[in-house]
Structure formats: structure tokens, C-alpha cells
Amino acid sequence: MARVRLQYACTACGGVTVKWQGQCPHCNAWNTLEEGRAEPVGAGQRFRAANAAAQTVVAMDAVPPDNVQRMATGSGELDRVLGGGMVEGSVVLIGGDPGVGKSTLLLQALAHMGAERPVLYVSAEESAAQIALRARRLGIEGASVALLAETELERILPVMESTRPSVVVIDSIQTIFSSQLPSAPGSVAQVRECAAQLTRFAKQACVGVVMIGHVTKEGTLAGPRVLEHIVDTVLYFEGETHSSHRLVRAFKNRFGAVNELGVFAMTETGLRGVANPSAIFLSRAGRDVAGSCVLVTQEGSRPLLVEVQALVDGANAPNPRRLCVGFETNRLALLLAVLHRHAGVALFDQDVFVNVVGGVRISEPAADLAVMLAVVSSLRDRPLSRGLAVFGELGLTGEIRPAPRGQERLREAAKIGFSRLIVPRANLPRKAIEGVATAGVERLDEALDAAWD
Ligand code: TYD
Ligand code: MG
């Protein structure tokens with residue numbers, strides 16, 4: 001066997017050097033070079049020469065539509081996030097915190113898909129007995145799923161080659177390793193090499209591969225960001241382990257829309273899809289409380305109502321604290337500055353805490369208005385009316401900007417039974433919704449007046 005040549009790739013910019021250095025010569029980042037295997041020099045050239053004659057260009061309109069074949073995973077929610085089912089031969093990366101339910105979800109999906117085609121579950125974390133035990137708990141022990149407990153890539157690939165499954169789950173990409181590389185399992189070089197080889201296999205043999213990945217404390221997939229470029233679809237599994245609700249979000253999808261959201265509940269017998277999740281993130285207390293505001297957010301193709309809570313409390317330190325769960329802290333600081341300048345509400349001597357109920361992470365700017373109203377409500381100790389729901393983005397000049405897909409949000413809020421809505425003026429419905437009082441606002445102070453009129 002030819003000696004393996006090594007190279008060093010930068011995890012920040014992807015630049016390659018032949019020698020290890022402390023600083024990447026391409027992007028000047030420090031300590032980002034990771035060992036990896038270099039492609040043999042001759043191979044690429046031979047490949048190019050052999051293919052040179054065969055290559056032809058085609059006119060775009062002459063390309064026949066490619067009918068992607070999709071496989072139902074047995075869970076409507078997972079199908080939705082994948083864009084309508086798992087595409088044959090596609091590579092999916094699914095990331096999430098430990099214990100959030102990644103192995104459970106994928107085992108359930110495999111059990112369903114295994115009824116019609118051969119499937120393989122490769123676990124580098126658990127033994128076959130442990131997986132079988134889980135299957136029994138899930139009530140799917142009779143499903144035809146081939147199990148392989150193995151950590152070495154060079155032993156996994158031949159099994160995939162010989163058994164030719166339609167779908168393979170790799171649990172997890174950080175715990176398998178290639179014996180071609182000297183670095184430890186889980187290192188950037190290993191993760192990238194294993195993912196690249198699995199992807200190559202998936203594309204050649206038209207095998208769907210699902211890679212489970214662990215998430216670091218910062219919330220990104222452990223290992224190089226390049227993984228996200230290699231694969232077709234990146235899903236994130238979110239949710240707090242102490243609440244039963246789990247969210248699966250599409251972060252990148254070559255075969256469907258991004259930001260699509262699947263909602264699950266963890267039960268005694270595995271993960272169940274929640275078909276109508278609109279109201280599950282509303283933990284309205286029995287009576288009106290200050291510091292709570294309902295937001296109509298739009299995740300992917302469907303609107304969702306979530307409760308935003310805020311607590312404003314006198315600061316004891318010179319630097320007041322701004323802390324957010326499920327919302328961006330920097331964005332909160334920005335909003336508080338706008339609140340001061342354009343509505344005259346000063347919070348420089350107050351700690352401000354913001355929480356989005358149910359472990360939901362809100363990234364869209366249309367949440368601004370709900371956060372502001374919750375903060376002001378807490379500061380003034382004046383509850384907002386119970387039937388109120390809002391959405392709208394706040395600009396730096398104090399204007400309330402329209403949110404995309406306003407009509408759908410309005411309809412959803414009305415359906416759940418909200419009778420008062422404060423929305424950007426541009427999002428006002430053309431025709432009044434029956435039984436719902438909708439106030440269109442253009443500026444922040446207008447919105448505050450409308451909330452407590
Ligand atoms: P798991 O799929 O092992 O998580 P991951 O692979 O993401 O690390 O799920 C682990 C948690 O799910 C565990 O804490 C127990 C819980 N669970 C249930 O509540 N019900 C079930 O039926 C199963 C299988 C797990
Ligand atoms: Mg697991």
C-alpha cells in the first residue's frame with residue numbers, strides 16, 4: 001500500500017500547507033491547522049486525462065428534470081423538515097446536544113424505512129444489545145434493521161458495500177475513525193475524512209447516509225464547518241432535555257426549504273410528531289402577569305405562537321446584566337438602546353432577562369416587538385391583555401418594519417383565539433378578520449400606546 005501523504009488544512013479558511021505551522025499562511029488565523037490526508041498527486045491528473053474526452057456541456061433547458069425519489073420516514077414532521085421525505089442517495093447531517101433524542105429519532109425512522117428496503121444502523125457509541133433494548137422500548141423490535149457496532153471506517157465501508165442498504169445511519173460521525181489517519185477519533189481531520197469518504201460512497205452507490213453529529217457548547221457542530229458544505233442537508237435538533245418538546249430545524253437543504261421546523265414530543269415510547277404545534281409554547285399562567293408577551297413567529301412554512309418573557313430588575317452592579325435564553329443577547333442590547341432613544345424608556349440601571357418559553361430559539365427579527373413589549377410590561381409591572389399577540393421588526397430609527405408572511409401569521413393567531421393583534425402597519429389585513437381587533441403601528445411609541453390603551 002502506498003504511504004499516506006499528510007497535509008495540514010486550516011479549519012477557518014480551508015487553506016492547505018504541507019508543513020504544520022502555528023499560524024495559517026492563508027488567513028493568518030492562529031492554531032487552526034489540522035492534520036489530514038493528501039490526495040495522491042498523480043491520481044487527479046490521470047482522472048482528468050481519462051475524462052477529458054467524455055466531458056460535454058449541455059444547455060440548461062435541455063437537461064431533463066431529475067426526478068428525485070423520496071422515501072417517507074414514517075414521521076410527518078421529519079419528512080417536512082427534509083423537504084418531503086429523505087431523498088435517495090442524499091447525505092444528511094443531524095446535530096444536537098447529547099440526550100436530545102437523535103439516536104431515538106433515527107432508529108424510529110429506520111424501522112419504518114426498513115419495511116420496504118434494506119437499512120443499516122451503524123453505532124460507534126452503543127452495542128447492538130443496547131440498540132436492541134432501545135428498539136424494544138420503542139416497540140419496534142420486530143423491524144428489519146441491520147445493526148453494526150463498529151468504530152473503524154475501513155470496516156464499515158465494506159459492510160455497506162456488500163449489504164447495499166438503501167439508507168445508512170452513522171451514529172455518530174465524531175466517534176468513528178479512519179485507520180489511515182494517525183489523529184484521534186473526533187479530531188477535525190478524522191471527522192472530515194470520514195464524512196468525505198461516506199459522502200463519496202453515498203453518491204457513487206446511491207445510498208442515503210444520515211450522519212449524527214454532536215454539538216459543542218457554543219452550539220455549532222463539533223468538527224470542521226466544512227462538514228456542512230459536504231453534505232446535502234443539515235438538520236439541528238433543539239430543545240431542552242428537561243422539557244418534553246423537541247424541535248428539528250433545517251439549516252441547509254439542497255432538496256427543500258431551510259428554516260423548516262419539525263416539532264416532536266419525547267414520550268415513554270419514543271418521539272412523536274406534534275402535528276399542530278401552534279399553541280404548545282404558550283405557558284400562560286392562570287392570571288395576567290407582567291413581563292409576558294405572545295409572539296407570532298414564522299418558522300419555515302408555518303406560523304407558531306410562542307411566549308416571550310422578560311424580567312426587569314434593579315441592577316446592583318455598575319454594569320447592568322442583559323441575559324437571553326432563546327434570543328440573541330446583542331440584539332437585546334440594540335433594542336434597549338432603541339427603546340431609550342425613541343420611546344424614552346431608560347433601562348441603564350436595570351438588569352434585563354429575556355426568555356423564550358419552551359426551549360424555542362428565535363432568530364427572526366420579527367420577534368423584536370414582542371421582546372420590547374415584554375420588557376416594558378415587566379418594567380411598569382403592567383400585564384398585557386391576555387388576548388394579545390404581536391409581531392414586527394424594530395428599526396434603529398424606532399420604526400416598526402413589516403414581517404414576511406404577515407397574513408399567515410394573522411390567520412394563525414386568530415385561529416388560536418387571539419382577539420387583539422399589534423402588527424406593523426404594512427402587515428394590516430386587507431379585509432378585517434372577524435372577531436379580531438388589529439392595530440397597525442409604524443413607530444415604537446405608537447406600539448407601546450396601543451398595548452396599554
Ligand atoms: P437518545 O436518542 O439516546 O439521545 P442522543 O442520541 O441524542 O444522545 O435519547 C436519550 C434520551 O431520550 C434519554 O435521556 C431518554 C429519553 N427517552 C425517552 O424519554 N423515551 C424513549 O422512548 C427513549 C428511547 C428515550
Ligand atoms: Mg445517541
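In the predicted model, V371 is in contact with V308, F327, L332, L335 and V354, leaving aside residues up to four places away in sequence. V371 is also one of the residues that touch the most other members of the largest nonpolar core, a group that further comprises F327, L339, V354, L373, V375 and I422. This core holds 63 residues. The greatest contribution to the core, eight residues, comes from helix α9, which spans residues 368-380. At least three core residues are drawn from each of domain 2 (70-275) and domain 3 (280-451). A further core of 31 residues lies apart from this one and includes L107, V119, I131 and V167. In soluble globular proteins, nonpolar side chains tend to be buried together.

The domain assignment divides the chain into domain 1 (6-37), domain 2 (70-275) and domain 3 (280-451). The centres of domain 2 and domain 3, taken over C-alpha atoms, are separated by 36 Å. Their contact involves 17 residues from domain 2 and eleven residues from domain 3.

Ligand 1 is surrounded by 16 residues, of which G99, K102, S103, T104 and G270 are the closest. Among the elements of the surrounding shell, helix α3 (102-113), helix α4 (128-138) and strand β13 (261-267) each provide at least two residues. Three side chains can be described by their polar atoms. For S103, a side-chain N or O atom is placed 2.5 Å from an oxygen atom of ligand 1. For T104, the corresponding separation between a polar side-chain atom and an oxygen atom of ligand 1 is 2.6 Å. R137 is instead paired with a nitrogen atom of the ligand, at 3.3 Å from an N or O atom in the R137 side chain. Of the 560 Å² of accessible area that ligand 1 has on its own, 75% is covered by the protein.

In domain 3 (280-451), strand β23 (residues 437-441) contains G440. The relative accessible area of G440 is 15%, so this residue is classed as buried, the limit being under 20%. Leaving aside residues up to four places away in sequence, G440 touches V423, P424, R425, L428 and E446. G392 lies 48 residues from G440 in sequence, and the C-alpha atoms of the two residues are 10 Å apart in space.

Terms used: Residues numbered from 1 in each chain as written. Chains lettered and ligands numbered in written order. Predicted model: local features only at pLDDT ≥ 70, side-chain atom pairs only at ≥ 80, totals over all residues. Heavy atoms only, no water. Core = buried A, V, L, I, M, F, W, Y, C linked by side-chain atoms within 4.5 Å. Buried < 20%, exposed > 50% of the residue type's maximum accessible area, 1.4 Å probe, protein only. Helix = DSSP H or I, 4+ residues; strand = E, 2+ residues; numbered from the N terminus. Domains from an automatic or database assignment. Contact = heavy atoms within 4.5 Å. Near = heavy atom within 4 Å. Polar contact = N/O pair within 3.5 Å; in protein donor to acceptor, adjacent residues only side chain to side chain. Areas by Shrake-Rupley, 256 points an atom, 1.4 Å probe, with all protein chains shown as cover.
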